[in-house]
Amino acid sequence: TVTTGMASDTKETIFSISKAYMQNPNAIILCIQDIKLKQWTDKQLPHKALEVAWETLQEEFARFMAEYKGKDQDDIFDKLKEAVKDESIKRHKWNERAMDSLRVIQHNALEDRSITDKPQWDAAIQFMEETLQSRLKDSMLAITAFCRLWYFRDLYR
């Protein structure tokens, strides 16, 4: 193969670097692992993340709805809340781009070499947990406000 515009020793330099790299038996294993990790990140990880998110959302929503069953509630209102919960779960749809967004975020996180040790990972995980808990709290407050509005609207009809 003839390459134009390249210094004569460039091809030999590239070849010698590649050869030196591939003589290390761990290099081949790491290369294969990187390829498999990339494939897993592209195909399986986003699906699994959405699956876990959906299960968690259902569990938290059910826990939230069960938490507000009180003595002063009547059976009809409890049945209505249960029907609303079931219908919400049935109609819920993820944003069409959620999978693609997750794929990009997860791939970038796995490619990020700036986090080098366990304490940094732990700090990043704690940050994500706190952020998600905050978003969950905001969502639960919005749901509570909605449920109260619905209850009072029907009360004064």
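Colleague: Which residues in H3 are buried?
Modeller: In H3, a helix by the rule that helices are DSSP runs (H or I, at least four residues) numbered from the N terminus, the buried residues are Phe77, Asp78, Lys81 and Lys85, where buried means under 20% relative accessible area, exposed over 50% and partly exposed in between (1.4 Å probe, protein chains only). This is a predicted model, in which local features need pLDDT of at least 70 and side-chain atom pairs count only at pLDDT 80 or more, while totals for chains, interfaces and linings use all residues. Residues are numbered from 1 along each chain as its sequence is written, and side-chain values use heavy atoms, with hydrogens and water left out.

Colleague: And which residues does the face of H3 turned away from its buried side carry?
Modeller: That face carries the exposed residues Asp75, Ile76, Lys79, Lys90 and Arg91.

Colleague: Switching to charges, how many salt bridges does the count come to?
Modeller: The count comes to nine salt bridges, each being a side-chain nitrogen of Lys or Arg within 4 Å of a carboxyl oxygen of Asp or Glu. In one of them the side chains of Glu87 and Lys90 meet at 3.4 Å, N to O, and both residues lie in helix H3, three residues apart, or about one turn of the helix.

Colleague: What is the relative accessibility of Glu87, and what is the relative accessible area of Lys90?
Modeller: Glu87 has 30% relative accessibility and so counts as partly exposed, whereas Lys90 is exposed, with a relative accessible area of 61%.

Colleague: What about Lys85, which residue does its side chain meet in a salt bridge?
Modeller: The side chain of Lys85 meets that of Asp86, at 3.9 Å from N to O; Lys85 counts as buried because its relative accessibility is 13%, while Asp86, at 41%, counts as partly exposed.

Colleague: New topic: how much space lies in the largest pocket?
Modeller: About 1700 Å³, where grid points are joined across faces, edges and corners and the volume is the space filled by probe spheres set on the points. On a 1 Å grid over the protein atoms alone, where a 1.4 Å probe fits, a pocket is an open set with protein on both sides within 12 Å along at least five of seven lines, and lining residues have an atom within 4 Å of a point.

Colleague: Which residues lie nearest its centre, and which helix gives the largest share of the lining?
Modeller: Of the 36 lining residues, Ala49, Ala53, Leu102, Met128 and Leu132 lie nearest the centre, and H5 gives the largest share of the lining, 13 residues.

Notes. Helices (H or I, at least four residues) and strands (E, at least two) are DSSP runs, numbered from the N terminus.
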